[in-house]
Amino acid sequence: MRRFFYTAFLLMSATSALADPAQKARDTMVGHCMQDGDSAKFCSCLFDTWEGFIPTERRPDAYAIAHLFSHSAKPTKAERDAVMPFVPAFNQADAQCSNMPDHDVEATLKGISGLNLDGMSEAQRAQMVAITQAAQAGDIAGLMAMQPVSPEPEDPPADIGLDIDYASLAEAEAARLEALGPARLRFAEYEQMFTLRCLADETPAEQCGCWWQAALTADQGQDNAALAYILSLPAGDGLMQHFPSDQIDAAFARFAAYTQAQSACY
């Protein structure tokens, strides 16, 4: 765990107190992370990924105590109790961002066979970088919103690989989930896998979003990771390998509810 895991409250000026809570929390965590010697790339990834793992309705609470992840001073018991619900998301973000390549994203893209980055316009190249960064950060909304940039008139009509390879992104995400241990994950942590597979099947982004809401409806807040696994990955032998029979039975019992909820999306 990073050494800025627990923290004391920072002294905020009157001006900063009026700032946007999300931005203030980001500035606090990223700033102290960089003071600890980590790169801006890692520190930004850490906050953005951590934030992405937290349900929207819980984020105001998370922003309010974000500083507890940003300094080494020992917190009080009340502060420690307040931060504990957000520790698993922080640990997972730390693990995910620690595996992020240190070199520039463009250098990574240039190493991909068949992707002619130099043949793209500036706008097209910027979008490919943004797609990669969104995938690394787990920015599902951003990934779904991206549309291929049309070639500029002076560009040759050659195939320069602008199509987003959702299938490859889905394979990489599946490998990441398998490494983390599917049974240990929360239902919400399958959203990126579910969405990438949906987009890989050339389903419209709006419909993919509706289908995920149908999955949440079927789960009924039970946080059944086996159901999320069935809906997000090809089950195969992996289902029996990762989950006990009672969770699998409960998942299949909710499958009809998912199908019913999904029908409203058409």
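A residue is called buried here when its relative accessible area is under 20%, exposed when it is over 50% and partly exposed in between, using a 1.4 Å probe and protein chains only. By that yardstick Cys198, at 6% relative accessibility, counts as buried. The model is a predicted one, so local features need pLDDT of at least 70 and side-chain atom pairs count only at pLDDT 80 or more, while totals for chains, interfaces and linings use all residues. Residues are numbered from 1 along each chain as its sequence is written, and side-chain values rest on heavy atoms, with hydrogens and water left out.

Cysteines come up first. A disulfide is a covalent bond between the sulfur atoms of two cysteines, and the working cut-off is a pair of cysteine sulfur atoms within 2.5 Å. The structure holds three disulfides.

One of them joins Cys33 to Cys43, with 2.0 Å from S to S. Cys33 sits in helix 2 (residues 21–35) and Cys43 in helix 3 (residues 40–53), so this pair ties together parts that are 10 residues apart in sequence. Helices in this account are DSSP runs of H or I with at least four residues, strands are runs of E with at least two, and both are numbered from the N terminus. The torsion about the S-S bond of Cys33 and Cys43 is about -75°, so the disulfide is left-handed. As for cover, Cys33 counts as buried at 1% relative accessibility, and Cys43 counts as buried at 1% as well.

Cys198 turns up again in a disulfide with Cys208, where the sulfur atoms are 2.0 Å apart. Here Cys198 belongs to helix 11 (residues 191–200) and Cys208 to helix 12 (residues 205–219), so the pair ties together parts that are 10 residues apart in sequence. The link of Cys198 and Cys208 is left-handed, with -90° about the S-S bond. Its partner Cys208 counts as buried, at 1% relative accessibility.

Cys210 and Cys265 also form a disulfide, again with sulfur atoms 2.0 Å apart. This pair links distant parts of the chain: Cys210 is in helix 12, and Cys265 is in the segment after helix 16 (255–263), 55 residues apart. With -85° about the S-S bond, the link of Cys210 and Cys265 is left-handed. Cys210 is partly exposed, at a relative accessible area of 28%, whereas Cys265 is buried at 15%.

Back to the helices themselves. Helix 11 is mostly covered, with seven of its 10 residues buried; among them are Met193, Phe194, Leu196 and Cys198. Following helix 11 comes Glu202, whose phi is positive, near 65°. Helix 6 (residues 87–98) offers a quick geometry check: the expected span is 1.5 Å times one less than the number of residues, so its 12 residues should span 16 Å, and the end C-alpha atoms are indeed 16 Å apart, which agrees. The buried residues of helix 6 include Val87, Phe90, Asp94 and Cys97.

Then there are the rings. Those of Phe, Tyr and Trp (its six-membered ring) pair if their centres lie within 6.5 Å; planes under 30 degrees apart count as stacked, over 60 as edge-to-face and the rest as tilted. A search of the whole structure finds five aromatic pairs. Phe255 and Tyr258 make a tilted one, 6.0 Å centre to centre with 55° between the planes. Both lie in helix 16, three residues apart, about one turn of the helix. Phe255 is partly exposed at 33% relative accessible area, while Tyr258 counts as buried at 6%. Ring pairs also link Phe187, Phe194 and Trp212 into a cluster.
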